[in-house]
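Got the viewer open? Let's take a walk through this one, a stop at a time.

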Amino acid sequence: MQEEQKQVEVEPPRFKSLTMSQQILKPRVRGFICITSHPEGCAAHVREQIAYVRSRPALQGGPKSVLVIGSSTGYGLSSRIAAAFGSGAATLGIFFERNGEGDKPGSPGWYNTAAFHAEAKKAGLKAVSLNGDAFSAEMKAQAIEAIKKKMPGGKVDLVVYSLASPRRTAPDGVTYKSTLKPTGAPFHAKNLDTDRKVVNDVTLETANAEEIAHTVKVMGGEDWEIWMEELDKAGVLATGCQTVAYSYIGPQVTWPIYKDGTIGKAKEDLERASQKIDALMKLHRGRAFVSVNKAVVTQASSAIPVVPLYVSLLFKIMKAKGNHEGCIEQIQRLFEKQMYNGNALNFDEKGRVRIDDWEMMPEIQKAVFDVWPAVTTETLEKYGDFAGYQSDFLKNFGFGLTGVDYDAPTEVERPIEDA
Ligand code: NAD
């Protein structure tokens, strides 16, 4: 019925071999992942975000010593950039990434971090990074040691929890896996196969109790609680320290798979944890809260059924309205208008900060709903901004950035140098 179109450029020679570590890198997309990434492109992407933050006024009363758990891509990377370049903060970043090796490119988060360190060094900003499993006790101990030895005053005044992971080995030694499934009835919906640019139907079977519980273990609030308890016990939380974790709610069309799905149950648990952590943070005259952020294209969101179709439609509508934002604009607005500059947090009825407010405006949501029934493979261009979706997707892997010579060989192994 639907013509299958290959939209993403797929180059036959994977990496034209030059030396073992010098490669010509082109995007190789497999479903919702790109298996290659470009170090110069990732660096350009990081510099774009830094330039945006620098275009905004410096934060008044902003953070000075920040721990970002999940700092290498998406919302966590933007949080690190906004804190460092908007407030002059020293940052400790934690992530799970790999450097390039031999003829294999590294992960985008590695390259982003290498570029972040280089830019931080140029700007005279302290940057410390730890690569490994943030869920583990060892990583928590390493982070505490790094805070004591390397961060200003041996303490942190902001902790951003921005992990997105498909699995977690918990303190009980069990490795839990998260699933993306509805928890009520099976869910039949329109979906976008982003690799083939085809609008199709998906049926998602209902999760069982174990799948729900496991997703809560991975993406819920337990690990955030453990982090904050350990940081508290180690005496590394500064007076007035804040901690924030990110969540998503989204429109009704995605509720069966998101808000009311397994991931939504995990996010409910994050809100439970937020209240518990808030009580702990009060002892430091600080606070803990959940910020509900806008839908953007990240590695995590690309993997969720139905969401890429919604995002393509949303982008077109928000761009036309002139209030479209990506990760960096969202985090900058969170810091600028809510957390710092003498502002107070603006909570919703459930005690969450809503930086998804522009996405959730009734006229924006109505516009998405109005076109939702009419969108097909053939009408996707008309109703949606698939080009914008795809450009953001590829940028996350360092492709499609202006000023980068994608035909030139590039070094795949990149150091993360102390800054
Ligand atoms: P992302 O995939 O871009 O980033 C995830 C980060 O977690 C990376 O830095 C990665 O290295 C790190 N990570 C994963 N597993 C790890 C581990 N075991 N140890 C150490 N680091 C690990 O994800 P994102 O989309 O930026 O999501 C971050 C948070 O924002 C999530 O809670 C997500 O639900 C929330 N959020 C996302 C969106 C969206 O549209 N993408 C919208 C609202 C809220």
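Start by selecting Phe96: one of its polar backbone atoms sits 3.2 Å from an oxygen atom of the ligand. Bear in mind as you click around that this is a predicted model.

Now add Tyr246, where a backbone N or O atom lies 3.3 Å from a ligand oxygen. Then pick Gly70, which also brings a backbone N or O atom to the ligand, here 3.5 Å from an oxygen. With those three shown, switch on a surface: on its own the ligand has 840 Å² of accessible area, and the protein covers 93% of that.

Which elements give two or more residues to the shell around the ligand? Colour helix H2 (74-87), strand S13 (237-247) and helix H8 (299-302), and you have them. H8 makes the largest contribution, with 3 residues.

Next, widen the selection to the whole shell. You should get 30 residues around the ligand, and the closest are Ser72, Glu97, Ala134, Lys267 and Thr298. Colour the shell by residue type and it splits into 13 nonpolar, 13 polar and 4 charged residues.

Time to hide the ligand and look at the sheet. What is the strand order? Follow S7-S6-S5-S8-S13-S14-S15: these 7 strands make an open sheet with parallel pairing. At its edges are strand S7 (127-131) and strand S15 (353-354), each paired on one side only. In general, strands of a sheet pair through backbone hydrogen bonds.

Zoom in on the S15 edge. Strand S14 (residues 287-292) runs parallel to S15, and 2 bridges join them. Select Val292 and you'll find its bridge partner in S15, Arg354.

Last stop: the helices on the sheet. Helix H3 (residues 108-122) packs there, touching S6 and S7, and its direction makes about 160° with that of S7. Then bring back H2, which you coloured earlier as part of the ligand shell. H2 lies across strand S5 (65-69), strand S6 (90-95), S7, strand S8 (156-161) and S13. Line up your view along S6 to check the angle: H2 runs at about 170° to S6.

How values were computed: Residues numbered from 1 in each chain as written. Predicted model: local features only at pLDDT ≥ 70, side-chain atom pairs only at ≥ 80, totals over all residues. Heavy atoms only, no water. Near = heavy atom within 4 Å. Polar contact = N/O pair within 3.5 Å; in protein donor to acceptor, adjacent residues only side chain to side chain. Areas by Shrake-Rupley, 256 points an atom, 1.4 Å probe, with all protein chains shown as cover. Helix = DSSP H or I, 4+ residues; strand = E, 2+ residues; numbered from the N terminus. Nonpolar A, V, L, I, M, F, W, Y, C, P; charged D, E, K, R; others polar. Pairing = 2+ DSSP bridges. Contact = heavy atoms within 4.5 Å. Axes fitted to C-alpha atoms, helices over the stretch in contact; angles between N-to-C directions.
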